[in-house]
Amino acid sequence: VARYVTGDYRSAITALEVKWPMMDVSEFCARLLTNHVEGILLWLDCIPASSLLKALTAGGFKGWIAGPSWLRCSDFEHAAGPAMEHFVVASPVSDKETDRRFERFAEAFRARFRREPDAMAAMSYDATQMLLEVLDRAKDRPAHEVFPVNFSLPGVTGILSFDDQGNRKVTMELTVGKRAHF
């Protein structure tokens with residue numbers, strides 16, 4: 001889904017479904033450009049997101065273009081190239097310890113899958129680690145009795161801690177594309 005915002009963002013969010021492969025990217029981009037769109041959220045996989053990003057920037061789009069954290073990966077950087085200048089993604093803030101955990105995870109991931117891990121791989125790994133910890137703490141009880149989780153774990157995407165509603169507590173940062181990299 002590509003989302004765009006016009007005027008007052010609280011009342012003017014419109015979602016356009018993008019079916020990939022898209023036959024006429026230029027027509028889609030022209031539609032966005034003629035509607036005075038101020039910002040676009042590309043909630044797409046790497047290749048469609050990079051293709052639309054390149055078409056929008058080539059068409060002269062000057063507003064904000066952003067995407068989910070899974071686009072913060074080498075596949076997207078390579079496919080989007082210079083078009084990713086000023087492209088924004090939100091990602092969890094990391095520290096040196098988190099960076100070290102992530103690098104160990106990334107080395108193992110590359111050895112096993114022969115490709116770079118993306119944000120979804122890292123989040124999936126953390127979710128699996130949390131599940132294993134919950135099952136371990138549950139022992140002979142049903143696992144749902146461990147919830148809400150009242151402990152934290154170090155993860156490859158940061159500290160895994162949750163509020164009493166089960167939402168992850170995480171500090172996010174905006175990462176901006178510069179010279180074909182984040």
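The exercises below work through a predicted model of one protein chain.

**Exercise 1. The chain as a whole**

Task: State how many helices and strands the chain has, in which order they come, and what share of the residues is buried.

Solution:
- Step 1. Counting the secondary structure gives five helices and eight strands.
- Step 2. Along the sequence these elements follow the pattern β-β-α-β-α-β-α-β-α-α-β-β-β.
- Step 3. The chain has 182 residues, and 37% of them count as buried.
- Step 4. The C-alpha trace spans about 60 × 40 × 30 Å along its principal axes.
- Step 5. The exposed surface comes to about 11,300 Å², of which carbon and sulfur atoms supply 55%.
- Step 6. Among contacts with a separation of 6 or more, 60% are between residues 24 or more positions apart.

**Exercise 2. Helix α2**

Task: Compare the length of helix α2 with the expected one, and find which elements its buried residues pack against.

Solution:
- Step 1. Helix α2 covers residues 46-58, which is 13 residues.
- Step 2. From first to last C-alpha, α2 reaches 18 Å, close to the 18 Å expected at 1.5 Å a residue.
- Step 3. The buried residues in α2 are Cys46, Pro48, Ala49, Ser50, Leu52, Leu53 and Leu56.
- Step 4. These buried residues pack against α1 (25-34), β3 (39-42), β4 (64-67) and α3.
- Step 5. After α2 comes Gly60, with a positive phi near 95°.

**Exercise 3. Helix α5 and its ends**

Task: Check the span of helix α5, list its buried residues with what covers them, and describe what is found at each end.

Solution:
- Step 1. Helix α5 runs over residues 119-138 and has 20 residues, so at 1.5 Å a residue a span of 28 Å is expected.
- Step 2. The end C-alpha atoms of α5 are 28 Å apart, which agrees with the expected span.
- Step 3. Buried in α5 are Ala119, Ala121, Ala122, Asp126, Met130, Val134 and Ala138.
- Step 4. The cover of these residues includes α4, β6 (153-155) and β7 (158-160).
- Step 5. At the N-terminal end, Asp118 caps α5, with a side-chain oxygen 3.3 Å from the backbone nitrogen of Met120.
- Step 6. Just after α5, Lys139 has a positive phi of about 55°.
- Step 7. One residue of α5 also meets a ring: Arg137 lies over the face of Phe151, 3.7 Å from the ring centre.

**Exercise 4. Aromatic pairs**

Task: How many aromatic pairs does the whole structure hold? Describe the pairs Phe87–Phe182 and Phe105–Phe109.

Solution:
- Step 1. The search of the whole structure finds eight aromatic pairs.
- Step 2. In the pair of Phe87 and Phe182, the centres are 6.4 Å apart and the planes meet at 55°, which makes the pair tilted.
- Step 3. This pair joins distant parts of the chain, 95 residues apart: Phe87 is in the loop between α3 (74-80) and β5 (88-92), and Phe182 is in the segment after β8 (172-176).
- Step 4. With a relative accessible area of 1%, Phe87 is buried, while Phe182, at 23%, counts as partly exposed.
- Step 5. Phe105 and Phe109 have ring centres 5.8 Å apart and planes at 50°, so this pair is tilted.
- Step 6. Phe105 and Phe109 are four residues apart in helix α4 (residues 96-113), so about one helical turn separates them.
- Step 7. Residues three or four places apart in an α-helix point the same way, because the helix has 3.6 residues a turn.
- Step 8. Both Phe105 and Phe109 are buried, and they belong to one aromatic cluster with Phe102, Phe113 and Tyr125.

**Exercise 5. The surroundings of Thr157**

Task: Is Thr157 buried or exposed, and which side chains make polar contacts with its side chain?

Solution:
- Step 1. Thr157 is located in the loop between β6 and β7.
- Step 2. The relative accessible area of Thr157 is 11%; the cut-off for buried is under 20%, so Thr157 is buried.
- Step 3. The Thr157 side chain makes a polar contact with the side chain of Asp126, at 2.4 Å.
- Step 4. A polar contact at 3.0 Å links the side chains of Thr157 and Arg168.
- Step 5. Neighbours within four places in sequence set aside, Thr157 is in contact with Pro92, Thr98, Ala122, Met123, Asp126 and Arg168.

Terms used
Residues are numbered from 1 along each chain as its sequence is written. This is a predicted model: local features need pLDDT of at least 70, side-chain atom pairs count only at pLDDT 80 or more; totals for chains, interfaces and linings use all residues. Side-chain values use heavy atoms; hydrogens and water are left out. Rings of Phe, Tyr and Trp (its six-membered ring) pair if their centres lie within 6.5 Å; planes under 30 degrees apart count as stacked, over 60 as edge-to-face and the rest as tilted. Helices (H or I, at least four residues) and strands (E, at least two) are DSSP runs, numbered from the N terminus. Buried means under 20% relative accessible area, exposed over 50%, partly exposed in between (1.4 Å probe, protein chains only). A charge sits over a ring if NZ of Lys or CZ of Arg is within 6 Å of the ring centre and within 35 degrees of the ring normal. The expected span of a helix is 1.5 Å times one less than its number of residues. Contact means heavy atoms within 4.5 Å. A polar contact is a pair of N or O atoms within 3.5 Å; within protein, one must be able to donate a hydrogen and the other to accept it, and residues adjacent in sequence count only if both atoms are side-chain atoms. Accessible areas come from the Shrake-Rupley method with a 1.4 Å probe; for residues, only the protein chains shown count as cover.
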